[in-house]
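Got the viewer open? Let's take a short walk through this one, selecting a few things as we go.

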Amino acid sequence: MNEQLAARVTFTNALPPHMAQAVSEIIKAATIVFSRLTYAEATVEDIAAECGVAPTAVYYHFGGKEELFDQAFEACLHGFSAVVDSVRAGAETLDEKALREVISSGWAWWRTHPVEARFLTLHLNGATPQSRRAYDAWQERHAQRAFDYLSEEDRPLRSSRKAARI
């Protein structure tokens, strides 16, 4: 989870229950709207209507469409990662069987979360600078973790530049 999302989760947890619920509902509504419309097409008014609140309620909790998009996008990435991480953590060893289970859990999340999956697919590389950074970090994290399932001798050699950073 990136720092901004962690701060939002901490902030949301510190809110009175009714306000935390409102933030959660607005993010859920944003996910639905952004799964139907591109970032450019969607408006805060669309999200407010989906949620059944006034646009001012959205602006009360979020700085605008970009911040709300970023939070919804990162929540979807986090939802996928949480399922995969849970299966990975339960594996006795990181071998081919564990990898198959992790991949299976990822596809299961994709099938059981069609709105979030459609949102991520529609905005695959992110529509904002923050969501692009979040997507790049998410993709890099999962790509690097894939190598954990290979034996040491099967792992590709790292470039000297990357090796110097490790």
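Start by selecting His-123: in this predicted model, His-123 counts as buried because its relative accessible area is 6%, below the 20% cut-off. You'll find His-123 in the loop that runs between α7 (114–122) and α8. Now show what surrounds it. Setting aside neighbours within four places in sequence, His-123 touches Phe-34, Leu-37, Thr-38, Tyr-39, Phe-69 and Phe-73.

Two of those give you the next stop: Phe-69 and Phe-73 of α5 also take part in the contact with α8. So select both helices, α5 (65–90) and α8 (129–146). Their axes come within 9 Å and cross at roughly 10°, which makes α5 roughly parallel to α8. Among the residues making this contact are Leu-77, Phe-80 and Val-84 on α5, with Ala-134, Tyr-135, Trp-138 and His-142 on α8. Colour the contact by class and you'll get nine nonpolar, four polar and seven charged residues.

Keep Phe-80, Val-84, Trp-138 and His-142 highlighted and add Gly-106: these are the lining residues that lie nearest the centre of the largest pocket. What volume does the largest pocket have? About 480 Å³. Its lining comes to 19 residues, split into 14 nonpolar, three polar and two charged. To see where the lining comes from, bring in α6 (96–112) too: α5, α6 and α8 each supply at least two of its residues.

Terms used. Residues numbered from 1 in each chain as written. Predicted model: local features only at pLDDT ≥ 70, side-chain atom pairs only at ≥ 80, totals over all residues. Heavy atoms only, no water. 1 Å grid on protein atoms, 1.4 Å probe; cavity = no way out; pocket = protein on both sides within 12 Å on 5 of 7 lines; lining within 4 Å. Points joined across faces, edges and corners; volume = space filled by probe spheres on them. Helix = DSSP H or I, 4+ residues; strand = E, 2+ residues; numbered from the N terminus. Nonpolar A, V, L, I, M, F, W, Y, C, P; charged D, E, K, R; others polar. Axes fitted to C-alpha atoms, helices over the stretch in contact; angles between N-to-C directions. Parallel < 35°, antiparallel > 145°, perpendicular 65-115°, else oblique. Contact = heavy atoms within 4.5 Å. Buried < 20%, exposed > 50% of the residue type's maximum accessible area, 1.4 Å probe, protein only.
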